[in-house]
Amino acid sequence: MSALRRGFGGGGVIQRTLPTTLQARVEPVLPHEMTDDEHWMQQALERAMSAVGRSHPNPTVGCVIVKDGQLLASGATEVYGSRHAERVAIESVADRSQLRGATLYVTLEPCAHTGRQPPCAELVASCGFARCVVGVLDPNPLVAGKGLRRLRETGMEVRTGVLGSEAIAWHLPFLFWQVARRTLIAARWAQTLDGQLAYDDGRSQWISGPESRAYTHWLRQKYDAILVGAGTVLADHPALTVRSCVEPQHRQPIRFLFDPSARILSCPEADWREILTRTFSPETPTVLMVRESALSAARRERLATLRFEHVHLQLLPEDEAPAASLLAVLADPTLAVRVGRPIHSVMVEGGPRLLSTLAEAGMLDLAHVFTAPTLGGGQRYRLSFPSPHGIGARMYPLAHARLGDDLMLELLYPSTQKLLEELEVGGRASAPMNANEAA
């Protein structure tokens, strides 16, 4: 998969993820480098961004309708079970005759099957559009080219792959689940220039700046869950919520706390009270993952204070390595029922021990890395794991950008890069086809 254009990231148009007070210190997309189709596809992507986190487990699709160079309508996928982006945009046009000869831009191929909503491809085919421009094809076997085939049968011009890499990056959690059929695991960390993820003296202090933190909060809406280890909880008492990014903010991620030894349940009372207030706050469900053998009688007494509907104790398999036990939890079909949503994607936010464990086990699929212009000078809090053949693990740059004083890199692991290359081949820009050629 090719790298994204400057100004784009896994969260969409990076500048648009931040409050207006922070946008000036983030690289914008350069509009003069775009064709008309790319300009309008960016508008469709930004329309999708306005609904981030709202439609899960459906993809958050954006759509705009353009005629004679003017925007007619726009839409984004609504909450699960409600209208898809194309239907929202089309139904906002009172006089359907205006749609004849117009162009519909959509970030993901229109669906071709009946689910909780009727097929969007049939609706689009009935409106008299001259063209349909699509960012990326939908690999869902119920769609997988069928939507575009239906449009071509009407004689409509269809073009695919416009801002294709950017569309793939935006829809990555959905696309990955459809193709790999497992949970996407993304790493996120902030570091100093010399590779520290925290300072040696244990101070709870931000390494990255406000722009990087705001973008991180935006990304939390894209992922179904946030995962941290016990060390991060004990050191920082994190809330792990969406707060400082641009509004509206549609959902909070599920909080996963990985604590095989039950360290959180045996922390000092002052820390425990702070964790109860922040990390176990009621904004979103929290899952505490421990081994049953680590729950002493005293710790079970403390568990009584966690009798909240939004807090769930998840027992880990006793005889498995940490990474394998985490996979077992994510594969548990009852988990979605308990926390109220399917877990198709997880962002791991620390600490270095947990990140290193997952990296060593080959469980990470991509990484969001924020490097601050700071020399920490310490040795303790770094990623540390054996690398294959002593040559390191090669990763593929997806995006890079300046966020305030920080440098952001988004990187794909080799297996993810290979998977996305196959998606990109399927969604490359195609020449117009008429009905006879499509047959």
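The following exercises, with worked solutions, concern helix α7, a nine-stranded sheet and selected side-chain contacts.

The structure is a predicted model, in which local features need pLDDT of at least 70 and side-chain atom pairs count only at pLDDT 80 or more, while totals for chains, interfaces and linings use all residues. Residues are numbered from 1 along each chain as its sequence is written, and side-chain values use heavy atoms, with hydrogens and water left out.

**Exercise 1.** Determine how the span of helix α7 relates to the expected value, and how many of its residues are buried.

*Solution.* Step 1: helices (H or I, at least four residues) and strands (E, at least two) are DSSP runs, numbered from the N terminus. Step 2: α7 covers residues 210–222, which is 13 residues. Step 3: the expected span is 1.5 Å times one less than the number of residues; for α7 this gives 18 Å, and the helix reaches 19 Å from its first C-alpha to its last, close to that expectation. Step 4: buried means under 20% relative accessible area, exposed over 50%, and partly exposed in between (1.4 Å probe, protein chains only). By this criterion 11 of the 13 residues of α7 are buried, including Tyr215, His217 and Trp218.

**Exercise 2.** Describe the strand order of the nine-stranded sheet and the packing of helix α13 on it.

*Solution.* Step 1: two strands pair if DSSP finds at least two bridges between them. Step 2: the order is β12-β11-β10-β9-β13-β8-β14-β16-β15, in an open sheet with mixed pairing. The edge strands, each pairing on one side only, are β12 (311–316) and β15 (396–403). Step 3: β14 (residues 366–371) and β16 (residues 406–412) are antiparallel, with six bridges; here histidine 368 stands opposite glutamate 410 of β16. Step 4: helix α13 (residues 352–360) packs on the sheet, touching β8, β9, β10 and β13, where contact means heavy atoms within 4.5 Å. The direction of α13 makes about 110° with that of β9; axes are lines fitted to C-alpha atoms, for helices over the stretch in contact, and angles run from 0 to 180 degrees between N-to-C directions.

**Exercise 3.** Classify the aromatic pair of tyrosine 215 and phenylalanine 370.

*Solution.* Step 1: rings of Phe, Tyr and Trp (its six-membered ring) pair if their centres lie within 6.5 Å; planes under 30 degrees apart count as stacked, over 60 as edge-to-face and the rest as tilted. Two pairs result from this rule. Step 2: tyrosine 215 and phenylalanine 370 lie 6.2 Å centre to centre with 70° between the planes, hence edge-to-face. Step 3: tyrosine 215 belongs to α7 and phenylalanine 370 to β14, 155 residues apart. Both residues are buried.
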